[in-house]
Structures are given as C-alpha cells and as structure tokens.
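Subject: Structure handover

Hello,

Here is the structure for you to take over. My notes on it follow below.

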Amino acid sequence: MQAVVLTDSGIALQEMPSPELVSGEAVVAVELAGICSTDLELAKGYMDFHGILGHEFVGRVTECHDEAWLGRRVVAGINIAPPDTTDTGLLSEHRHTPGRSVLGILNRHGAMAEQVAVPIENLVQVPDAVPNETAVFAEPLAAALRISEQLNLGNQNVAVIGPGRLGMLIAATLHQADCNVTLFGRSEASLRLGRQWGIPTCHSDAPPKTAFDAVVEATGSPAGLELGLRLVRPLGRLILKSTYAHPPAVDLSPIVVNEINVIGSRCGSMHAAVRKLQEETIDTDSLIDARYPLSQALESFDVAARAGIRKVLLDIGTG
C-alpha cells in the first residue's frame with residue numbers, strides 16, 4: 001500500500017506492507033486524513049518518530065473479527081494500550097497508560113496510508129449525517145474540548161493565543177461554553193476568520209493592559225509561550241497545547257513570581273468530539289485551506305508548513 005512515511009531522510013511517499021488483522025483490532029480503509037502541527041513537528045525531529053505519519057483520519061472498517069464493525073465509517077482515538085495492560089482506559093482513553101503507543105506519533109504506524117490497523121476499543125462510529133470533510137476534524141476537536149473536560153472556565157476571561165488549526169477550534173469551543181474569549185494572532189489576516197465566527201480578537205503586538213483569568217497557548221512557538229506569561233493574571237491559569245521539536249528558551253520566572261498554575265492539555269474524548277460535530281455548531285469547512293490526493297503528499301506537507309495555512313487534507317480513498 002502507499003503511505004506517507006517519516007524516514008531518516010525526511011518525509012517520503014512509498015510502498016509499505018498492508019497491516020495484518022490481529023485479535024482485538026480492525027483494519028480501516030482510510031478515506032481522508034488531515035495534516036496537523038504535530039505532524040510538522042515530527043518531521044523536525046519531535047519524539048524521534050519513524051514510520052507512517054497521521055492520526056487525524058476517517059475511514060471505513062474492511063476487516064474485523066467482530067463482524068458488527070464491518071463497513072462502518074469510523075474515526076479513532078489515538079492512544080493505544082499495550083496488549084498486557086491492566087488499565088481499562090474507561091476514564092482516560094489510554095492517554096496516560098504506561099507503555100502506550102500513539103497512532104502516527106509513538107511506536108505505531110499512523111493513518112496517512114491506504115489502510116491502518118486500530119484497536120476496536122479505539123473506534124468511534126461516524127453518523128451518516130457527518131461528512132468525511134467534517135469527521136476528519138474529530139481528533140483535533142477532541143483536543144480542543146479537552147480543556148473544558150479539565151477546567152470550568154465559564155464566564156471567565158480567557159485568551160487563546162494562535163488562530164491556527166487547533167487554536168480556532170479551542171476558541172470556538174470555549175466561546176460556546178460561555179467563556180469571554182479573546183483570540184490573539186500576529187496578523188490581521190490570521191484574525192479575520194475568528195471575527196467571522198463572532199469571536200473578539202486582538203493583535204499579539206498590542207495586548208490589552210487587563211490580564212486574563214486563563215490563557216491557552218496554541219501557537220507551537222516559544223513567542224506564544226512568552227506572550228501567554230505576560231497575559232495571564234497572578235494566580236491565573238496557563239494552559240499549554242503546544243509541543244516542540246526543540247525545547248523553547250523562555251524565562252519561566254513569572255510562573256513562580258505570579259504563582260501561575262500551568263496545565264498541560266492533550267487529547268480529549270473522541271465520542272464527545274463526534275457528538276459536537278453532529279451538532280453542526282462549528283464551521284470546520286472554513287478551516288480547510290487545501291486538499292490533495294495521496295500522490296501529492298509531499299507537496300501537501302510543504303503547503304501545510306506555510307504561515308497562515310490551517311488545515312490541509314489528504315484524499316486517500318474514494319469513500
């Protein structure tokens with residue numbers, strides 16, 4: 001099968017063995033996949049990953065010992081427990097299970113391929129009313145919703161730094177959860193979509209004097225972290241979404257001086273994300289900047305890495 005593979009020499013489109021069906025898993029024919037900031041950081045050396053990339057996808061089950069799943073259109077949670085785990089994962093979806101693998105990120109081939117193998121317990125069926133172009137946003141939307149799973153920020157003043165792929169979803173979900181959201185970006189163009197969504201915006205170079213109760217940093221840039229430390233009030237909360245291929249050189253003294261609570265936030269519930277997509281309250285179509293066939297995967301990564309580009313999709317199957 002054709003797959004997008006991260007090798008020692010960089011990203012390549014190459015032939016890979018098709019996954020074999022094993023007990024407790026399903027083989028999914030991938031129809032559509034998304035490129036996210038984590039994929040771009042992996043290409044720079046984050047996690048020292050080598051293998052098939054991709055963890056945002058939607059596809060259809062073609063092989064499974066549980067015949068009830070055959071033919072179903074699915075997305076999947078990306079954290080995969082080792083076979084001998086005693087963690088049921090009912091509360092965490094295995095996001096912190098010792099020895100876990102992570103689809104397309106850690107010790108597990110990902111979904112930028114014609115087929116991917118996924119444990120049955122990770123599968124989430126996609127309702128017929130949710131098209132592939134929407135369903136492919138389930139994983140990043142789950143990450144956005146994770147903040148509301150961790151914290152009750154309702155009626156608080158919240159800054160979201162980074163109007164990109166993930167930042168827009170975070171701003172939208174918090175805005176709909178009755179937070180007083182301000183979206184920060186470095187350019188007028190980057191903030192335009194936020195205003196179209198009804199979210200107040202502010203240029204990063206001209207922050208207000210009023211500090212925020214909570215700040216979400218989702219830029220993937222050390223500059224975003226520095227801005228977050230300036231925006232959050234004493235005893236406030238700084239929520240980190242960014243991962244870095246190289247450690248950022250940022251002065252962390254304000255965390256101590258201002259007694260800031262720092263909270264890491266990663267994956268959320270895929271079931272909650274699919275339900276949210278079914279509500280049609282977030283215009284995910286407006287986040288899609290480009291769409292390429294699998295044969296143009298290398299070009300798609302070049303485009304995804306450009307400033308101002310949000311979501312780039314890879315068409316892999318016919319659906």
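Strands E5 and E6 pair in the antiparallel sense, over 2 bridges. E6 covers residues 73-76. In this pairing, Arg60 stands opposite Arg73 of E6. Please keep in mind that this is a predicted model.

E5 also has a partner in E3. Strand E3 (residues 25-35) and strand E5 (residues 56-64) run antiparallel and share 8 bridges. Gly34 faces Glu56 of E5 there. E5 thus pairs with E3 and with E6.

The N-terminal strands come next. E1 spans residues 2-7 and E2 spans residues 10-15. They pair in the antiparallel sense, with 6 bridges between them. The two strands make a hairpin, and 2 residues lie between them. Ala3 has Gln14 in E2 as its bridge partner. E1 also pairs with strand E4 (residues 51-52), again in the antiparallel sense, over 2 bridges. There, Val5 has Ile52 of E4 as its bridge partner.

Now the salt bridges. Side chains of opposite charge can pair when their charged atoms come close. How many salt bridges does the structure hold? The count is 10. Three of them are described here.

Arg291 and Glu133

Arg291 forms a salt bridge with Glu133, and their closest N and O atoms are 3.0 Å apart. Arg291 sits in strand E17 (residues 288-293) and Glu133 in helix H2 (residues 132-135), so the pair ties together parts that are 158 residues apart in sequence. Arg291 is partly exposed, at a relative accessible area of 38%. Glu133 is partly exposed too, at 24%.

Glu149 and Arg146

This pair meets in a salt bridge at 3.1 Å, N to O. Both residues lie in helix H3 (residues 138-150). They are 3 residues apart, about one turn of the helix. Is each partner buried or partly exposed? Glu149 is partly exposed, with a relative accessible area of 36%. Arg146 is buried, with a value of 17%. The cut-off for buried is under 20%.

Glu279 and Lys276

Glu279 forms a salt bridge with Lys276. The closest N and O atoms are 3.7 Å apart. Both residues are in helix H8 (residues 270-279). They are 3 residues apart, so about one helical turn separates them. Lys276 is buried, with a relative accessible area of 16%.

There is also a network. Glu133, Arg291 and Asp315 are joined into one network by salt bridges that share partners. The pair of Arg291 and Glu133, described above, has a salt bridge of its own.

On to the cavities. How many cavities of 30 Å³ or more does a search of the whole structure find? It finds 2.

The largest cavity has a volume of about 60 Å³. Its lining consists of these residues:

- Gly77, Ile78 and Asn79, among others
- Glu93 and Arg95, also among them
- Glu139, Ala142 and Ala143, likewise included
- Cys267, Gly268 and Met270, which complete the list

Helix H3 gives the most to this lining, with 3 residues. H3 is also the helix that holds Glu149 and Arg146. By class, the lining of the largest cavity has 5 nonpolar, 3 polar and 3 charged residues.

The second largest cavity holds about 30 Å³ of space. Leu141, Lys276, Leu277, Glu280, Thr281 and Ile282 line it. By class, that makes 3 nonpolar, 1 polar and 2 charged residues. Lys276 appears here in the lining, and Lys276 also forms the salt bridge with Glu279.

Last, helix H9. H9 covers residues 297-304. Which of its residues are buried? They are Ala297, Ser300, Phe301, Val303 and Ala304. These residues cover an arc of only 160° around the axis, which puts them on the same side of H9.

When you open the model, you could start with the strands E1, E2 and E4, where E1 pairs with E2 and with E4. Then go to Arg291 and Glu133, in E17 and H2. The two cavities can follow.

Best regards

Methods: Residues are numbered from 1 along each chain as its sequence is written. This is a predicted model: local features need pLDDT of at least 70, side-chain atom pairs count only at pLDDT 80 or more; totals for chains, interfaces and linings use all residues. Side-chain values use heavy atoms; hydrogens and water are left out. Two strands pair if DSSP finds at least two bridges between them. Helices (H or I, at least four residues) and strands (E, at least two) are DSSP runs, numbered from the N terminus. Buried means under 20% relative accessible area, exposed over 50%, partly exposed in between (1.4 Å probe, protein chains only). The arc is that of the directions from the helix axis to the C-beta atoms. A salt bridge is a side-chain nitrogen of Lys or Arg within 4 Å of a carboxyl oxygen of Asp or Glu. On a 1 Å grid over the protein atoms alone, a cavity is a set of points where a 1.4 Å probe fits but cannot get out, and a pocket is an open set with protein on both sides within 12 Å along at least five of seven lines; lining residues have an atom within 4 Å of a point. Grid points are joined across faces, edges and corners, and a volume is the space filled by probe spheres set on the points. Ala, Val, Leu, Ile, Met, Phe, Trp, Tyr, Cys and Pro count as nonpolar, Asp, Glu, Lys and Arg as charged, and the others, Gly among them, as polar.
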